Amino acid sequence: MGILTYVLQGILALMFLMAGFGKVTGSKMHVEAFTHWRLPQWFRVVTGIVELAGAVLLIVGYWVPASAMTGALLLAVTGIGGILTHVRLKDSFKDTAMILFLAILSFVVLYIYLA
């Protein structure tokens, strides 16, 4: 894998580590967001755990490429769920942009490993 792959993988892992940690620990921003989206708070915790697992898989993927592929796929699917949540509530593009970026980045990393 090239250096670009590792950089993208690292950015993705770092972003989802931060997002997942915020969800699991119940940061005010995430609690309010899940309330706005009309989703239960237990789902916030589950989403955070999935994001943390995906990030860990990406980190392990530096040594085990299959882990990176699994992590990227897991985070891409999670990203699609996030995008659909924003679309369902007609959130602004500004609110949707970050998860859209992360989902695209996840698919790019997955594609690079599959190619």
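The following legends describe close-up views of a predicted model.

Residues are numbered from 1 along each chain as its sequence is written, and side-chain values use heavy atoms, with hydrogens and water left out. Because the model is predicted, local features need pLDDT of at least 70 and side-chain atom pairs count only at pLDDT 80 or more, whereas totals for chains, interfaces and linings use all residues.

**View 1. The buried and exposed faces of helix α2 (residues 28-36).** Helices are DSSP runs of H or I with at least four residues, numbered from the N terminus. His30, Ala33 and Phe34 of α2 are buried, buried meaning under 20% relative accessible area, exposed over 50% and partly exposed in between (1.4 Å probe, protein chains only). Seen down the axis of α2, the buried residues fall within an arc of 95°, so they line one face of the helix; the arc is that of the directions from the helix axis to the C-beta atoms. An α-helix has 3.6 residues a turn, so residues three or four places apart point the same way. The exposed residues Lys28 and Thr35 sit on the face of α2 turned away from its buried side. The cover over the buried residues of α2 includes α1 (3-25) and α3 (41-60). Arg38, just after α2, takes a positive phi of about 60°.

**View 2. The aromatic cluster of Phe34, Trp37, Trp42 and Phe43.** Rings of Phe, Tyr and Trp (its six-membered ring) pair if their centres lie within 6.5 Å; planes under 30 degrees apart count as stacked, over 60 as edge-to-face and the rest as tilted. By this rule there are five aromatic pairs. One of them, Phe34 with Phe43, is tilted, at 6.4 Å centre to centre and 55° between the planes. The centres of the Trp42 and Phe43 rings are 5.8 Å apart and their planes stand at 85°, so this pair is edge-to-face. Relative accessible area is 3% for Phe34, which is buried, and 34% for Phe43, which is partly exposed. Trp42 counts as exposed at 57% relative accessibility.

**View 3. The largest nonpolar core, with 17 residues.** Such a core is a set of buried Ala, Val, Leu, Ile, Met, Phe, Trp, Tyr and Cys residues joined through side-chain atoms within 4.5 Å. Leu12, Phe16, Leu58, Ala72, Leu75 and Val109 touch the most other members. At least two residues of this core come from each of α1, α3, α4 (65-88) and α5 (93-114), and α5 supplies the largest share, seven residues. Leaving aside neighbours within four places in sequence, the contacts of Leu75 include Leu12, Phe16, Val50 and Leu58, contact meaning heavy atoms within 4.5 Å.

**View 4. The largest pocket, with about 740 Å³ of space.** On a 1 Å grid over the protein atoms alone, a pocket is an open set of points where a 1.4 Å probe fits, with protein on both sides within 12 Å along at least five of seven lines; lining residues have an atom within 4 Å of a point. Of the 26 lining residues, Lys23, Trp37, Glu51, His86 and Ile99 are the closest to the pocket centre. Helices α1, α2, α3, α4 and α5 each give two or more residues to the lining.

**View 5. Two buried threonines, Thr85 and Thr96.** Thr85, in helix α4, has a relative accessible area of 15%. Beyond its neighbours within four places in sequence, Thr85 is in contact with Trp37 and Leu39. Thr96, in helix α5, has a relative accessible area of 10% and touches His86 and Asp91, not counting residues up to four places away in sequence.

Terms used. Points joined across faces, edges and corners; volume = space filled by probe spheres on them.
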